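Good morning, everyone, and thank you for making the time. I would like to walk you slowly through one structure today, so please have the picture open in front of you.

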Amino acid sequence: AAFGERDAVFNRDAARHVAAREWRNGMGMEMGTFAEVWGGKVVVIRRSCPGDIFTILDLLALARATMRRRGNDVQWPVGTPRPVDVERDIVLGQSYLVEAEGIPVATFCLQTQVEPTYASIQMGGWPHAHPYATIHRLASDGRYPGIGRMCVDFCVARHQTLRADTHPLNYHTIRLLLESGFGYCGIIYLPDGTPRAAYQRG
């Protein structure tokens, strides 16, 4: 069993490095990076490549476990966010990975397409109908307090209007959004009928 576990880790790492090289030799050539010294460490935000999918899914699982410890027992049931959604984010060039000294610590999606679930909003309304980008699937491993704010600031610097949604029980993310200048707009519903508190900045 132990050998199998080590072999699985090796295969993941090998797949990530090979796919990353191919991605950067292809459409990833223009993906660019953002780097700054934060908390005494060099933190890089870059577009994800196909080989990063295992890492991203691991970060999402860690974030799910953190939400459970904080009392949010409903957001992101096991199996969500779906791997197919993460793959789509990567292909569309809207998935990002955050690395501290080369170690993955966070991930998020910065979606530039119109979000279908935002077409209908209840108990409130959007401030305007100007073009916007949406922050989805923001997750970290929890080791670096404040890394979520860095991700949001990255998005704020690139889009005048941003939207985001989260479960009403996700107080941590709600506080992050409010402290980042987002305002509460109302309630939207996912395709499965579950509610999300919706926010907008700009």
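Let me begin with a definition that we will need again and again: a residue is called buried when its relative accessible area is under 20%, exposed when that value is over 50%, and partly exposed when it falls in between. Please also keep in mind that what you see is a predicted model.

With those words in hand, we can look at the chain as a whole. It contains five helices and eight strands, and if you follow it from the N terminus, the elements come in the order α-β-β-α-α-β-β-β-α-β-α-β-β. Of the 202 residues in the chain, 43% are buried. The accessible surface amounts to about 10,700 Å², and carbon and sulfur atoms account for 58% of that surface. If we take the contacts between residues at least 6 apart in sequence, we find that 66% of them join residues at least 24 apart.

Now let us turn to the charged side chains. How many salt bridges does a search of the whole structure find? The search finds eight, and I would like to go through a few of them with you.

One of them joins Asp52 and Arg46, with a distance of 2.9 Å from N to O. Are these two partners buried or exposed? Asp52 has 0% relative accessibility and therefore counts as buried, and Arg46, with a relative accessible area of 5%, is buried as well.

Another salt bridge links Arg149 to Asp153, where the closest N and O atoms lie 3.1 Å apart. Both residues belong to helix H4, which spans residues 147–156, and because they are four residues apart there, about one helical turn separates them. Here the surroundings are of another kind: Arg149 is partly exposed, with a relative accessible area of 34%, and Asp153 is partly exposed too, at 37%.

Elsewhere, salt bridges that share partners tie Arg82, Asp85, Arg88, Asp89 and Arg137 together into one network. Within that network, Arg82 and Asp85 form a salt bridge whose closest N and O atoms are 2.9 Å apart. Arg82 is partly exposed, at 44% relative accessibility, whereas Asp85 is buried, with a relative accessible area of 10%.

Let us stay for a while with Arg137, another member of the network. Arg137 sits in strand S5, residues 133–140, and is buried, with a relative accessible area of 17%. A polar contact of 2.8 Å connects the side chain of Arg137 with that of Asp89. When neighbours within four places in sequence are set aside, the residues in contact with Arg137 include Leu60, Trp76, Pro81, Thr107, Phe108 and Cys109.

That list leads us to the last topic, the empty space inside the model. The count comes to one cavity of 30 Å³ or more, and the largest cavity holds about 50 Å³ of space. Which residues line the largest cavity? They are Ile56, Leu60, Val86, Asp89, Ser95, Thr107, Phe108, Cys109 and Arg137. Helix H2 (53–69), helix H3 (83–91) and strand S4 (103–111) each contribute at least two residues to this lining, and the largest share, three residues, comes from S4.

So if you would like one place to revisit on your own, look at Arg137, which takes part in the salt-bridge network and also lines the largest cavity.

Key: Residues numbered from 1 in each chain as written. Predicted model: local features only at pLDDT ≥ 70, side-chain atom pairs only at ≥ 80, totals over all residues. Heavy atoms only, no water. Buried < 20%, exposed > 50% of the residue type's maximum accessible area, 1.4 Å probe, protein only. Contact = heavy atoms within 4.5 Å. Areas by Shrake-Rupley, 256 points an atom, 1.4 Å probe, with all protein chains shown as cover. Salt bridge = Lys/Arg side-chain N within 4 Å of Asp/Glu carboxyl O. Polar contact = N/O pair within 3.5 Å; in protein donor to acceptor, adjacent residues only side chain to side chain. 1 Å grid on protein atoms, 1.4 Å probe; cavity = no way out; pocket = protein on both sides within 12 Å on 5 of 7 lines; lining within 4 Å. Points joined across faces, edges and corners; volume = space filled by probe spheres on them.
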